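Here is a short set of exercises on helix packing and strand pairing, each followed by a worked solution. Keep the structure open beside you and try each task before reading on.

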Amino acid sequence: MKKKMISLMITVALLTAFAGCGAATSASGSENSSGGENYTIGISQFAEHGSLDNCREGFLEGLKGEGLEEGKNLTVKVNNAASDMGTAAQIAQSFAADDMDLICAIATPAAQAAYNAAMDKGIPVVYTAVTNPEEAQLADSDGNPVGAVTGTSDQLPVEAQLKMIRELLPEAKTIGILYTTSEANSVYSISQYEKLAGDYGFTLETAGVTSTSEVSLAAADLLDKVDCLTNLTDNTVVSALPSILDAANKKNIPVFGSEIEQVKIGCLAAEGLDYINLGKETGKMAAKILKGEASAEEMNYELLTDSSLYINQAVADNLGITIPDSMTERAVEVFEEIEQ
């Protein structure tokens, strides 16, 4: 009887071991019904506005181009922090607790929160729309990742923007910039404007805010001191851009954007990046990590340097500003109306 019991126990143990082998998965992802890998990723987007939406769209397109498609072999969870640092941290902690295969963080505050939450869990973080990864402490001074974190930078083409403003406003003397004091990306961009503004005959007036509730009052004060405003990729400020445009229009003061979506809704012009393309490049990087072709620790962040000119002719007409033919001809897109 005892021998039979021992034999039965051995048989059960062997069957269990074989069953376990059949259910084994790779270190990243799980096996789907067709025998391939299935991955679950989290997307943490810091704010809801056009450029970051474009990053998210481009990111998913980049993954799809590499054979990773939502609903087929990819599960995607998206959360938006609505420009709140605390919410960004909560989203990151939730994704880390769920043991995502990868976290995509859109914008600097989301990237910082994601890496802080994921670094001890071994979850790779891929960011996009981070202006200066070194300043954000996501990369060292040589561009090397500080851990399992890499991505793409949307560093502003500040000199090209200043050239454009000077060409459109030959008599302007003072440029105003609103920025969020807690956004490392904006603090860095301000430093670049301070270095270069004098080369183009401009002085700079800045106003720092800590939340969207402060933007209207800060904008009203700034508009009394400047000939124009220019926007950064500041998430808090861009979220309140319609109210800034409304106040500027009442004073007949032009506002320049930093990318196409800002020009669509009422900025006069922008020399900026294509955020769909930025997202696509990020998606390609994420696909390599998920497939095991590269690790985040080994991949330096990528910097897109090509900028494009966007013009809103309707805004120019409203402000009585003549766009030189040379600028219209080289613009990637000229909008004939203001998007509502």
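**Exercise 1. Describe how H2 packs against helix H11 (residues 275–290).**

Solution. Start with the geometry: the axes of H2 and H11 come within 6 Å and cross at roughly 40 degrees. Please bear in mind that this is a predicted model. Next, classify the angle. Angles under 35 degrees count as roughly parallel and 65 to 115 as roughly perpendicular, so the crossing makes H2 oblique to H11. Then look at the handedness: H2 passes H11 in a right-handed crossing.

Now list who touches whom. H2 contributes Ser51, Asn54, Cys55, Glu57, Gly58, Phe59, Glu61, Gly62 and Leu63. From H11 come Tyr275, Ile276, Leu278, Gly279, Lys280, Thr282, Gly283, Lys284, Ala286, Ala287 and Leu290. Sorted by class, the contact of H2 with H11 has nine nonpolar, seven polar and four charged residues.

**Exercise 2. Follow the chain from strand E2 (residues 37–45) to strand E3 (residues 74–80), and say how the two strands pair.**

Solution. First take the pairing: seven bridges link E2 and E3 in the parallel sense. To fix the register, find Thr40, which stands opposite Thr75 in E3. Then trace the connection. From E2 the chain crosses through helix H2 (residues 50–65) to E3, and this β-α-β crossover is right-handed.

**Exercise 3. Work out the contact between helix H3 (residues 85–97) and helix H4 (residues 108–118), then check the backbone of Ser83 and Ala107.**

Solution. Begin with the axes, which come within 8 Å and cross at roughly 40 degrees. H3 and H4 are therefore oblique to each other. The crossing in which H3 passes H4 is right-handed.

On the H3 side, the contact uses Met85, Ala88, Ala89, Ala92, Gln93 and Ala96. On the H4 side, Pro109, Ala113, Ala114, Ala117 and Ala118 take part. The class count for H3 with H4 is ten nonpolar, one polar and no charged residues.

Now turn to the two loops. Ser83 lies in the loop between E3 and H3. Its phi is near 65 degrees, a positive value in a residue other than glycine. Ala107 is found in the loop between strand E4 (102–106) and H4. Ala107 is not a glycine either, yet it has a positive phi of about 95 degrees.

**Exercise 4. In the open sheet of four strands, which strands stand at the edges?**

Solution. Write down the strand order, E8-E7-E9-E10, and note that the pairing is parallel. Strand E8 (203–209) and strand E10 (255–256) each have a single partner strand, so they stand at the edges and one side of each is left without a neighbour in the sheet. To see one pairing in detail, take strand E7 (residues 174–180), which runs parallel to E8 and is joined to it by seven bridges. Within this pair, Gly176 stands opposite Glu205 in E8.

**Exercise 5. What is the strand order of the open sheet of three strands, and which helix packs on it?**

Solution. The order is E11-E13-E14, with mixed pairing. Strand E11 (269–272) and strand E14 (333–335) are the edge strands, each pairing on one side only. From one strand to the next, the twist averages 15 degrees. Looking closer, strand E13 (residues 308–312) and E14 pair in the parallel sense over three bridges. Ile311 has Val334 in E14 as its bridge partner. Finally, find the helix: H5 packs on the sheet and touches E11 and E13, with its direction making about 155 degrees with that of E11.

**Exercise 6. Describe the packing of helix H5 (residues 158–168) against helix H6 (residues 184–196).**

Solution. The two helices pack at an angle of about 55 degrees, with their axes 10 Å apart. That makes H5 oblique to H6, and their crossing is right-handed. H5 makes the contact through Val158, Glu159, Gln161 and Leu162, and H6 through Gln192, Tyr193 and Leu196. As a last step, sort these residues by class: the contact of H5 with H6 has four nonpolar, two polar and one charged residues.

Conventions
Residues are numbered from 1 along each chain as its sequence is written. This is a predicted model: local features need pLDDT of at least 70, side-chain atom pairs count only at pLDDT 80 or more; totals for chains, interfaces and linings use all residues. Side-chain values use heavy atoms; hydrogens and water are left out. Axes are lines fitted to C-alpha atoms, for helices over the stretch in contact, and angles run from 0 to 180 degrees between N-to-C directions. Angles under 35 degrees count as roughly parallel, over 145 as roughly antiparallel, 65 to 115 as roughly perpendicular and the rest as oblique. A crossing is left-handed if the near helix is turned anticlockwise from the far one by less than a right angle, and right-handed if clockwise. Contact means heavy atoms within 4.5 Å. Ala, Val, Leu, Ile, Met, Phe, Trp, Tyr, Cys and Pro count as nonpolar, Asp, Glu, Lys and Arg as charged, and the others, Gly among them, as polar. Two strands pair if DSSP finds at least two bridges between them. A crossover is right-handed if, with the strands pointing away from the viewer, the path from the first strand over the helix to the second runs clockwise.
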